[in-house]
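Please read the following account with the sequence and the coordinates open beside it. It is written to be followed one region at a time.

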Number of protein chains: 2
Amino acid sequence: MEKVKRYIDEHRERFVEELFSLLRIPSISADSAHRGDMVRCAEHLRDALLSAGADRAEVMPTDGNPIVYGEKIVDSAAPTVLVYGHYDVMPVDPLDEWKTDPFEPVLRDGRIWGRGADDDKGQSFMHVKALEAMISAGELPCNVKFMIEGEEEIGSASITTWCARHKELLRSDVILVSDTSMLGWDVPSITCGLRGLCYVQVTVTGPDRDLHSGLYGGAVADPAVVLSKMIASLTDADGRVTVPGFYDRVRELSPAERTDFGRAPFCEAAFCKSIGVRETAGEKGYSTMERIGVRPSLDVNGIWGGYTGEGAKTIIPSKAHAKISMRLVPDQDYREIGRLFAEHFRSIAPRSVRVDVEVLHGGFPYVCPTDLPAYRAAARAVERTFGRKPLPYYSGGSIPIISTFEKELGVKSVLLGFGLDRDAIHSPNESYGLENFLRGIETIVWFYREFAAGR
Amino acid sequence: MEKVKRYIDEHRERFVEELFSLLRIPSISADSAHRGDMVRCAEHLRDALLSAGADRAEVMPTDGNPIVYGEKIVDSAAPTVLVYGHYDVMPVDPLDEWKTDPFEPVLRDGRIWGRGADDDKGQSFMHVKALEAMISAGELPCNVKFMIEGEEEIGSASITTWCARHKELLRSDVILVSDTSMLGWDVPSITCGLRGLCYVQVTVTGPDRDLHSGLYGGAVADPAVVLSKMIASLTDADGRVTVPGFYDRVRELSPAERTDFGRAPFCEAAFCKSIGVRETAGEKGYSTMERIGVRPSLDVNGIWGGYTGEGAKTIIPSKAHAKISMRLVPDQDYREIGRLFAEHFRSIAPRSVRVDVEVLHGGFPYVCPTDLPAYRAAARAVERTFGRKPLPYYSGGSIPIISTFEKELGVKSVLLGFGLDRDAIHSPNESYGLENFLRGIETIVWFYREFAAGR
């Protein structure tokens, strides 16, 4: 292991430079204007895998953005680890809140700043460099496969079909994923629960054009007001979602599980301070950690309609829109929730407007048992590099594809992520600690050793 | 009168061409990028007044956009008519809904298409051309003054002070305004009631940055949801505004007035069809015409916050905003309503967010008595050109400055407008009938004769 560690240490500056090249490609999957960048980014990663020592690496087409596949097979008797990651990133607006160009990464205050620095280019790239270090040191104890997709931030639509078509190619003993955060740098943790997601877009249409609010105001339903009332009614005074059937399949924690759950260190005041709010809010009867980790939620991600420019324009808008997402927990099914939501939303619309509901994408929630051998290997790897046992953690986020892998490939995933809250993923000024990047690589190397040894 | 009519008929093509030059100037007052166009537009109008035969015309500075003043004094014993209009226009978005360039006017199907064709360049310019026709024919029976401002669409902030400073200059017997519509081309009408306006912008701030909706969803108040709930609560199930004190000064119609009011021809089905809705909506217990004409209302003119681009972005937005306007009726005071609204809106905000309320502008409602000599002169003028007596009409719109004129100058205004619903003012594809433009000029000429004769 000393040899690998030395290799990482000697090449750290180059590793960061190589990550910067990857971060410079604006691979925003939500914006079709960046379609060319997606291909460019996939090709860049393929080349990085080959440089790292992969036997094979290629950009494989899908109906959407391509998937980068790579492998290094050392021994057919050795266990096989399938690394999953994604090279697409979130949009960068509001652009004026970025202190530096989101696609011109910089190293400042020991951190790497740029879109994707953490989510998920930075975290995916640790695996490429861990592979390189193990191969260079002659210490790769497992077969390794990579699948890095370009649609994670928009629902991973293509990878499901792709997995179904390449089951043999993807045969493995565990899927290893770094796309999550730890509770804190001094509170290492491994995510063992992810929420599912159902993301919809709704449009409320009133008059067939924007109307003068003086000549019509008071006599015509205003779509922005109607949409507000409909959204308002989606959660009740106790913070519970009012869509009928929404909670039917929600698995409640047992009192013992709730007690366990309450053990993770959490400071409500620090949490509030870190995001600049006076107090938290949410479903009555649950703690903040429970609300995030094991309870479903409904959020409005965006709302728009009518005049939004400078000054005053006196109109009743023709249309108002909202993007609404629901985070789901076991055993909610995003397809069923999408149907229930659409039915309910249409049913509460007054006759004075028309309502359109489009389900944009969704995914199942996921749980990784803490007695899984691969989870135990990951926990030992973290303990070696962080000096303490990691806590199992329900993060609240969604990686919808993880439950799909289980369904399609029959393989469990271990979520060995090294992000921190302060990384501000999905927000302006995303960053990733240089130390997280380097210690992440080392931990991944330990994982391979522990996993190979512990089977 | 035959001489004037012949003059109008002989020069109609030139009149339209001249209006086109005026419409080509993109004088959008709500957008500070157009500040230079405002001055250019004012200078253009000054020149037009001088060409029409005014003794004097000038662009007078204010703290905001300049005001065009002009005059033609024929006889100190003759009555003086002060013409008010505005050269600023509404913004043009959504631009992609315009069939032709909003600032490249065209004549098509007997109509003039372009932003401001009706509101209020087309209607103001009728007065310039009426003056020219009367001077050319040697038949101007009144002194005429013009004040044409550039801030009507954003609240006429500068003209109040300007009026107070120029009381002597503006001394007159009546203010004549063409900035309103008729019930129909075959149902001529004169607006004798205008609603007041209180226009506010609100911002709800939650976390200090956009948050990942998975890592925080369910535990943090979502500003878009909170704003929706706050807006939803501003009107009750009966369509009444819930701001405490909102209705305290509303003058209720007597049963006799309501009967009168019901006499105006109105077809609910045609109204719904004309704007593409299945049914009307509004305050319980009042007809559509009453809701528009004599009842106050609350509308959301625009709402925005969070991610509004293509596809899905999973965030809890940091902020959500809305532009909210209230139309007021006698004797509501927009300053008091602004205060009541701001107090109420702040009071209903949960502790989990911060709320900012900014009153953008406002104005008083206005009533013109139908026994006013100038109103009667206008009614006779309309009867001469339209062949039937006009109906007095409560339009629902606001021209806040009209009540200010009464307060500052002690002069009543007559609202002799020639627009029609189909003109789509404030909307894409604004237009103005060529016949409205020409018959408007003739009616204005008649007004001067009737007003001079009837005193």
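The paragraphs below go from the interface between the chains to the small sheets and then to some backbone details.

The model is a predicted one, and the values given here were computed from its atoms. A natural place to begin is the surface that the two chains share, where 87 residues of chain A are in contact with 88 residues of chain B. The area buried between chain A and chain B comes to about 7600 Å², and carbon and sulfur atoms account for 51% of that area. On the side of chain A, the residues that lose the most area to chain B are A:Ile275, A:Arg278 and A:Lys313, yet together these three make up 8% of what that side buries.

What polar features accompany this buried area between chain A and chain B? There are 48 residue pairs in polar contact between the two chains, counting pairs in which both residues have pLDDT 80 or more. By class, the side of chain A that touches chain B consists of 34 nonpolar, 31 polar and 22 charged residues. Across the interface of chain A and chain B, the rule finds two salt bridges. A salt bridge is formed by the side chains of A:Glu279 and B:Arg351, with a distance of 3.1 Å from N to O.

Which element of chain A supplies the largest share of the side that touches chain B? That element is strand β11 of chain A, residues 297-306, which contributes nine residues. The contribution of this strand can be followed into the backbone pairing, for β11(A) is joined by five bridges to strand β11 of chain B, residues 297-306, and the two strands run antiparallel. Within this pairing between the chains, A:Gly305 has B:Ile303 in β11(B) as its bridge partner.

Within chain B, an open sheet of three strands is arranged in the order β4-β5-β18, and its pairing is antiparallel. Why is one side of β4 and of β18 in chain B left without a neighbour in the sheet? The strands β4 (106-108) and β18 (431-433) of chain B stand at the edges and have a single partner strand each, so one side of each has no neighbour in the sheet. From one strand to the next, the twist averages 25°. The pairing of β4(B) with strand β5 of chain B, residues 111-113, is antiparallel and rests on three bridges, and in it B:Arg108 has B:Arg111 in β5(B) as its bridge partner. Helix α14 of chain B, residues 434-453, lies across β4, β5 and β18 of chain B and runs at about 60° to β18(B).

Chain A also has an open sheet of three strands, in the order β4-β5-β18 and with antiparallel pairing. Its edges are formed by β4 (106-108) and β18 (431-433) of chain A, and because each has a single partner strand, one side of each is left without a neighbour in the sheet. The twist in this sheet averages 25° from one strand to the next. Three bridges connect β4(A) and strand β5 of chain A, residues 111-113, in the antiparallel sense, and A:Val106 stands opposite A:Trp113 in β5(A).

The last features concern the backbone itself. Most residues other than glycine have a negative phi, and most peptide bonds are trans. A cis peptide bond, with omega about 0°, joins B:Asp93 and B:Pro94, and B:Pro94 is found in the loop between β3 (80-86) and β4 of chain B. Another cis peptide bond joins B:Pro330 and B:Asp331, with omega about 5°, and B:Asp331 lies in the loop between β13 (319-328) and α11 (334-347) of chain B. In chain A, the phi of A:His426 is near 75°, a positive value in a residue other than glycine, and A:His426 has its place in the loop between β17 (413-415) and β18 of chain A.

Methods:
Residues numbered from 1 in each chain as written. Chains lettered and ligands numbered in written order. Predicted model: local features only at pLDDT ≥ 70, side-chain atom pairs only at ≥ 80, totals over all residues. Heavy atoms only, no water. Contact = heavy atoms within 4.5 Å. Buried area = accessible area lost by both parts, 1.4 Å probe. Salt bridge = Lys/Arg side-chain N within 4 Å of Asp/Glu carboxyl O. Polar contact = N/O pair within 3.5 Å; in protein donor to acceptor, adjacent residues only side chain to side chain. Helix = DSSP H or I, 4+ residues; strand = E, 2+ residues; numbered from the N terminus. Nonpolar A, V, L, I, M, F, W, Y, C, P; charged D, E, K, R; others polar. Pairing = 2+ DSSP bridges. Axes fitted to C-alpha atoms, helices over the stretch in contact; angles between N-to-C directions.
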